[in-house]
Amino acid sequence: MPTHRRPRLAALLVLFTALALTGLRAGPATAADGDVSWTVRTAANGYGDHRSSFGYAVNPGGTVEDTMVVTNRGRSTLRLAVYASDGYTTDAGQLDLLTREKKSVGVGAWVHPRTDTLTIRPGKSADVPFTVTVPKNATPGDHVGGLLTSLKQSDTAAGINVDRRLGVRLALRVGGELTPRLAVEDLHVDYDGTVNPFAKGTATVAYTVHNTGNALLSARQDVSVQGPFGWLHTAAHDVADTPKLLPGERWTVKVPVRGVAPGVRLTATAELLPLLTDPSGSTTPLKPVEATAHTWAVPWLAGLLLLVVAVTSLLVRRARARRREREAVRVREAVERALQEA
């Protein structure tokens, strides 16, 4: 059964940008620098009074109208740019939004604020009505972006222009067949043993999680290594969940599995439990997916001993064969001499 939970304030996006570098931080939707400060929030209306983000289910060709509220909490008049942008998952596993100069093809292209600039006096608030127009040929499934306010300022001391951005996340689920799928790709395992043939080592399991469906997905991860016939099973501990991945996104994972006995032929298994999140914040577990890979784990000292044993055994067999051959020759010669003397 889905688990319902109240949307959290951390879903608001707080973004600060210097030049082309963009970072997203969780926290109250407030940006401040000296005497400049403003906040953004969702408006109270038919969609709810205390929403932490915008979220809608819309059919292709449908439209939605809503409002964002911007408040100037500083001591001087504020002039802000307003625009929408597509979202993506950063290498740190957090949601970020494209900068204005980068082209958006999803939410950023479908959301149209009624104004692209705001002038707000100190202590005042301004509404930013906007319309979401979903194309008729929009791909079914999840699309994520945000509605942003931006303030560009010059940092004379650093000699750069700083773009401070503050916005609210906007998630759309476009109607149609929902096909949530995750794949585990390029799984491989390496084993690092010790000189002691009886000591345990560390297996490193690496793979890529690929969202091959059309829904926003995260996953719980279980990684383990075992020897032949399931012997010497060892599981990794405290493997973190993947971040929420947008359709088409990939996430690289590397997990150390410690205390693995050198079981000659090891099998590594990565099992993922995909978690589907709907616009209301409810999560539903899906069918697990897994992948396996193999590696050799023979301690070099033990391997050397096996080689010595094998070579010794071969030499002993050859020596025995030569002795048997010499004995057969002696017997044959003795028989021939006896026949000649008869």
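**Exercise 1. Determine which residues gather in the patch of positive charge on the surface, and place Arg326.**

Step 1. The patch is made up of Arg317, Arg318, Arg320, Arg322, Arg323, Arg324 and Arg326. Patches take residues with over 30% relative accessible area and no salt bridge, joining like charges within 9 Å and nonpolar side chains (Val, Leu, Ile, Met, Phe, Trp, Tyr) within 5 Å. Lys and Arg count as positive, Asp and Glu as negative, and His and the chain ends are not counted; a charge is placed at NZ of Lys, CZ of Arg, CG of Asp or CD of Glu.

Step 2. Arg326 belongs to helix H2 (residues 300-341). Helices (H or I, at least four residues) and strands (E, at least two) are DSSP runs, numbered from the N terminus.

Step 3. The relative accessible area of Arg326 is 45%, so Arg326 is partly exposed. The classes are buried (under 20%), exposed (over 50%) and partly exposed (in between), with a 1.4 Å probe and protein chains only.

The model is predicted: local features need pLDDT of at least 70, side-chain atom pairs count only at pLDDT 80 or more, and totals for chains, interfaces and linings use all residues. Residues are numbered from 1 along each chain as its sequence is written, and side-chain values use heavy atoms, without hydrogens and water.

**Exercise 2. Find the partners of strand S16 (residues 217-226) and state how far S16 is enclosed.**

Step 1. S16 pairs with strand S19 (residues 264-277) in the antiparallel sense over 10 bridges; pairing requires that DSSP finds at least two bridges between two strands. Arg220 stands opposite Leu273 in S19.

Step 2. S16 is also antiparallel to strand S17 (residues 234-235), to which two bridges join it. Here Val225 faces Thr234.

Step 3. Because seven of its 10 residues are buried, S16 is largely enclosed by the rest of the structure.

**Exercise 3. Describe Phe229 and the nonpolar patch on the surface.**

Step 1. Phe229 sits in the loop between S16 and S17. Its phi is near 60°, a positive value in a residue other than glycine.

Step 2. With a relative accessible area of 73%, Phe229 is exposed.

Step 3. Phe229, Trp231 and Leu232 form the patch, with about 420 Å² of accessible area together. Such areas come from the Shrake-Rupley method with a 1.4 Å probe, and for residues only the protein chains shown count as cover.

**Exercise 4. Assign the faces of strand S5 (residues 54-58).**

Step 1. In a regular strand, side chains alternate between the two faces of the sheet.

Step 2. Phe54, Tyr56 and Val58 make up the covered face of S5, and Gly55 and Ala57 the uncovered one.

Step 3. S5 runs parallel to strand S13 (residues 160-174), joined by five bridges. Val58 lies opposite Val174 in S13.

**Exercise 5. How many salt bridges are there, and what does the pair Arg173 and Asp142 tie together?**

Step 1. A salt bridge places a side-chain nitrogen of Lys or Arg within 4 Å of a carboxyl oxygen of Asp or Glu. The count comes to five.

Step 2. In the pair Arg173 and Asp142, the closest N and O atoms are 2.6 Å apart. Arg173 is in strand S13 and Asp142 in strand S12 (residues 141-155), so the pair ties together parts 31 residues apart in sequence.

Step 3. Arg173 is buried at 15% relative accessible area, and Asp142 is buried at 8%.
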